[in-house]
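This briefing concerns the charged side chains of the structure shown below. The points are grouped by topic, with salt bridges first and surface charge after them.

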Amino acid sequence: MALLLCLETATKSCSVALAKDGDLLHFKEEVSEKYSHSEQLTLFIESLIQEQRIELSDLDAIAVSKGPGSYTGLRIGVSTAKGLCYALDKPLIGVSTLEAMASGMEKKIPNKLYCPMIDARRMEVYTAFFQAGKQLKDVEAHIVEKNSFSKILAKKEVLFFGDGAEKCQDLISHTNATFITDIYPSAKDMVAIAENAFTQQQFENIAYFEPYYLKDFVAGVKK
């Protein structure tokens with residue numbers, strides 16, 4: 001049982017949640033095309049702490065979304081989480097972004113085969129498959145084409161969701177495929193996974209922990 005702070009910055013969603021003993025107390029989040037994580041993340045944390053009338057020192061651990069996702073977003077989230085852990089002498093919990101998305105969707109629409117998708121630019125998505133709380137397929141950077149996931153879709157109904165699902169909707173036309181596009185990772189969906197990790201004492205090495213980028217960083221050129 002623990003008081004946990006969860007941070008999610010892997011996509012254009014900047015999200016912070018506070019949970020006690022596995023129950024969500026409150027959360028704040030904003031989805032912005034401007035990727036305003038550097039401006040909003042610490043403000044959200046401060047606001048949640050003040051509104052719940054607790055101190056940062058009351059936290060038992062800090063959980064952070066570890067990717068895959070935006071290189072810059074992940075760096076901001078992990079750096080902030082590490083800084084808090086060092087300053088407060090608290091353990092760090094890393095949570096798979098895709099696993100948390102699947103966990104959140106399972107609560108809304110149960111008993112499905114879940115395929116969360118994060119936009120990785122062009123026709124590529126970060127994705128994996130989950131069912132009944134278990135990961136069935138390794139996380140991959142998948143280039144979407146008309147025959148994508150055809151073997152799975154021939155056998156089972158699949159719920160594709162996330163901001164990466166939109167680019168699949170026009171290409172993958174199968175009766176077993178359902179799409180929900182307006183879904184982003186949220187810190188509130190990390191709570192159950194983070195609580196379980198705390199109970200099992202599954203902590204990251206703060207000094208050496210790095211986000212799961214999946215792909216090498218490619219710097220853009222300003223126009």
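A salt bridge is counted here when a side-chain nitrogen of Lys or Arg lies within 4 Å of a carboxyl oxygen of Asp or Glu. The model is predicted. Searching the whole structure under that criterion yields six salt bridges, among them the pairs Lys12 with Glu33, Lys188 with Glu29 and Lys167 with Asp119. Side chains of opposite charge can pair when their charged atoms come close.

**Lys12 and Glu33**

- The closest N and O atoms of Lys12 and Glu33 are 2.9 Å apart, and the two residues form a salt bridge.
- Lys12 is located in the loop between β1 (3-8) and β2 (13-20), while Glu33 is in the loop between β3 (23-31) and α1, so this pair ties together parts that are 21 residues apart in sequence.
- Lys12 counts as buried because its relative accessibility is 12%, under the 20% limit for that class.
- Glu33 counts as exposed, its relative accessibility being 61%, which is over the 50% limit.

**Lys188 and Glu29**

- A salt bridge joins the side chains of Lys188 and Glu29, with an N to O distance of 3.7 Å.
- Because Lys188 lies in the loop between β10 (177-180) and α6 (191-199) and Glu29 in strand β3, the pair ties together parts that are 159 residues apart in sequence.
- Lys188 is partly exposed, with a relative accessible area of 25%.
- Glu29 is also partly exposed, at a relative accessible area of 33%.

**Lys167 and Asp119**

- Lys167 and Asp119 form a salt bridge in which the closest N and O atoms are 2.5 Å apart.
- Helix α5 (residues 166-169) contains Lys167 and strand β6 (residues 113-119) contains Asp119, so the pair ties together parts that are 48 residues apart in sequence.
- Lys167 is buried, having a relative accessible area of 16%, whereas Asp119 is partly exposed at 35%.

**Negative surface patch**

- Asp21, Asp23, Glu55, Asp58 and Asp60 make up a negative surface patch.
- Asp58, one of the residues of this patch, lies in the loop between α1 (37-51) and β4 (61-65).
- The relative accessibility of Asp58 is 40%, so this residue counts as partly exposed.
- Patch members must have over 30% relative accessible area and no salt bridge; the 40% found for Asp58 is over that cut-off.

Definitions and conventions: Residues numbered from 1 in each chain as written. Predicted model: local features only at pLDDT ≥ 70, side-chain atom pairs only at ≥ 80, totals over all residues. Heavy atoms only, no water. Patch = residues over 30% accessible without salt bridge, like charges linked within 9 Å, V, L, I, M, F, W, Y side chains within 5 Å. Areas by Shrake-Rupley, 256 points an atom, 1.4 Å probe, with all protein chains shown as cover. Lys, Arg positive; Asp, Glu negative; His and termini not counted. Charge placed at Lys NZ, Arg CZ, Asp CG, Glu CD. Helix = DSSP H or I, 4+ residues; strand = E, 2+ residues; numbered from the N terminus. Buried < 20%, exposed > 50% of the residue type's maximum accessible area, 1.4 Å probe, protein only.
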